[in-house]
Amino acid sequence: MATPDLLFNLRNLFYLGAYQSAINNSDVPGLDADAAAERDVIVFRSYIALGSYQLVISEIDSSAATSLQAVKLLALYLTGDKEGAIASLKEWLSDSAIGSNPVLRLIAGIIFMHEQDYNEALKHTHTGGTLDLHALNVQIFLKMHRSDYADKQLKVMQQTDEDHTLTQLANAWLDIAVGGSKIREAYLIFQDFAEKYPMTGMVLNGKAVCCMHMGSFEEAETLLLEALNKDAKDPETLANLIGCNLHLGKASSRYFSQLKLSHPDHVLVKSTASAEDNFERALQAVA
């Protein structure tokens with residue numbers, strides 16, 4: 001008889017962005033040492049997703065397992081200690097005793113993706129080995145506009161576990177990137193999540209992006225406002241609301257101000273600032 005997967009629900013809460021629920025439901029009885037370590041990784045990554053970096057840094061001490069040390073590095077990186085975190089990361093990855101740890105490789109992929117150094121990210125993630133690593137590979141390849149390579153990673157995931165939440169999510173990401181008739185398929189994936197699990201900002205944003213691609217901007221706005229009620233500072237919700245309101249002919253300056261204040265490094269804030277700088281320079285040249 002197969003042993004029950006005691007972390008099934010906890011993983012799904014994390015993958016779908018229900019981070020506080022994952023933390024609240026993390027006291028799972030009957031875990032062996034490996035499962036308990038995985039549970040701790042999920043809990044601390046949930047705290048990171050909620051922006052509680054200092055809590056993670058203070059809670060994980062130097063005697064913790066490699067996987068938790070890797071999560072701590074991500075927290076350090078996100079607090080702004082980028083150089084220190086990357087230096088430690090490279091040192092650990094070159095250590096033959098721990099360099100192949102799947103969580104360490106996953107965190108390396110996440111950090112180098114943040115750095116937009118996609119080739120360096122893939123150096124550590126491309127061999128896969130876990131669905132988390134394959135799902136990250138899908139994201140990296142989509143950032144590189146290589147949906148063909150992303151599709152190959154998705155096929156590996158589907159052969160491993162077609163119904164897994166991460167496989168379904170990766171499928172939806174790829175469908176949105178490919179566009180056209182695939183948008184409807186992505187919408188149905190997010191709709192399925194909405195029916196099975198607690199509604200999260202991630203699922204609402206997924207549905208809203210599909211609606212915008214299909215030209216249903218009013219429905220998208222309703223979904224995004226519901227997401228905003230769940231988290232008023234979520235960068236993807238704010239960015240999507242800005243795009244949605246532009247199509248609806250509504251003012252979006254308030255959402256842009258919120259995004260600029262809470263996430264000054266967001267790609268939309270940076271690209272807008274760059275465009276404004278270019279405009280100012282053009283005006284000065286004319287003047």
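Helices are DSSP runs (H or I) of at least four residues, numbered from the N terminus, and α3 in the legends below is named in that way. The model shown in every view is a predicted one.

**View A. Four helices contribute to the lining of the second largest pocket, with α3 giving the most.** α3 supplies 6 residues of this lining, and the helices that each provide at least two residues are α1 (8–15), α3 (33–49), α7 (102–114) and α9 (131–143). The pocket encloses about 410 Å³ of space, and among its 18 lining residues those closest to the centre are Tyr15, Glu38, Val103, Thr130 and Asp132. Sorted by class, the lining comprises 10 nonpolar, 3 polar and 5 charged residues.

**View B. Helices α1 and α3 pack against each other in a left-handed crossing.** The two helices meet at an angle of about 25°, and their axes are 10 Å apart; because angles under 35 degrees count as roughly parallel, α1 and α3 are therefore described as roughly parallel to each other. On the α1 side the contact is made by Leu10, Arg11 and Phe14, while α3 contributes Glu38, Arg39, Ile42, Arg45 and Ser46. By class, this contact of α1 with α3 holds 3 nonpolar, 1 polar and 4 charged residues. Glu38 of α3, which takes part in this helix contact, is also one of the residues closest to the centre of the second largest pocket shown in View A.

**View C. Helix α12 packs against helix α13, which it passes in a left-handed crossing.** Helix α12 spans residues 182–196 and helix α13 spans residues 201–213, and the pair packs at an angle of about 155° with axes 9 Å apart. Since angles over 145 degrees count as roughly antiparallel, α12 and α13 are therefore roughly antiparallel to each other. The residues in contact are Ile183, Ala186, Tyr187, Phe190, Gln191, Phe193 and Ala194 from α12, together with Val203, Gly206, Lys207, Cys210, Cys211 and His213 from α13. The contact of α12 with α13 has, by class, 9 nonpolar, 3 polar and 1 charged residues.

**View D. Helices α15 and α16 make a contact that has no charged residues.** Helix α15 (residues 235–248) and helix α16 (residues 253–262) pack at an angle of about 155°, and their axes lie 9 Å apart, which makes α15 roughly antiparallel to α16. The crossing of α15 and α16 is left-handed. From α15, Pro235, Leu238, Ala239, Leu241, Ile242 and Asn245 meet Tyr255, Phe256, Gln258, Leu259 and Ser262 of α16, and by class the contact of α15 with α16 consists of 8 nonpolar and 3 polar residues.

Key
Residues numbered from 1 in each chain as written. Predicted model: local features only at pLDDT ≥ 70, side-chain atom pairs only at ≥ 80, totals over all residues. Heavy atoms only, no water. Axes fitted to C-alpha atoms, helices over the stretch in contact; angles between N-to-C directions. Parallel < 35°, antiparallel > 145°, perpendicular 65-115°, else oblique. Left-handed = near helix turned anticlockwise from the far one by under 90°. Contact = heavy atoms within 4.5 Å. Nonpolar A, V, L, I, M, F, W, Y, C, P; charged D, E, K, R; others polar. 1 Å grid on protein atoms, 1.4 Å probe; cavity = no way out; pocket = protein on both sides within 12 Å on 5 of 7 lines; lining within 4 Å. Points joined across faces, edges and corners; volume = space filled by probe spheres on them.
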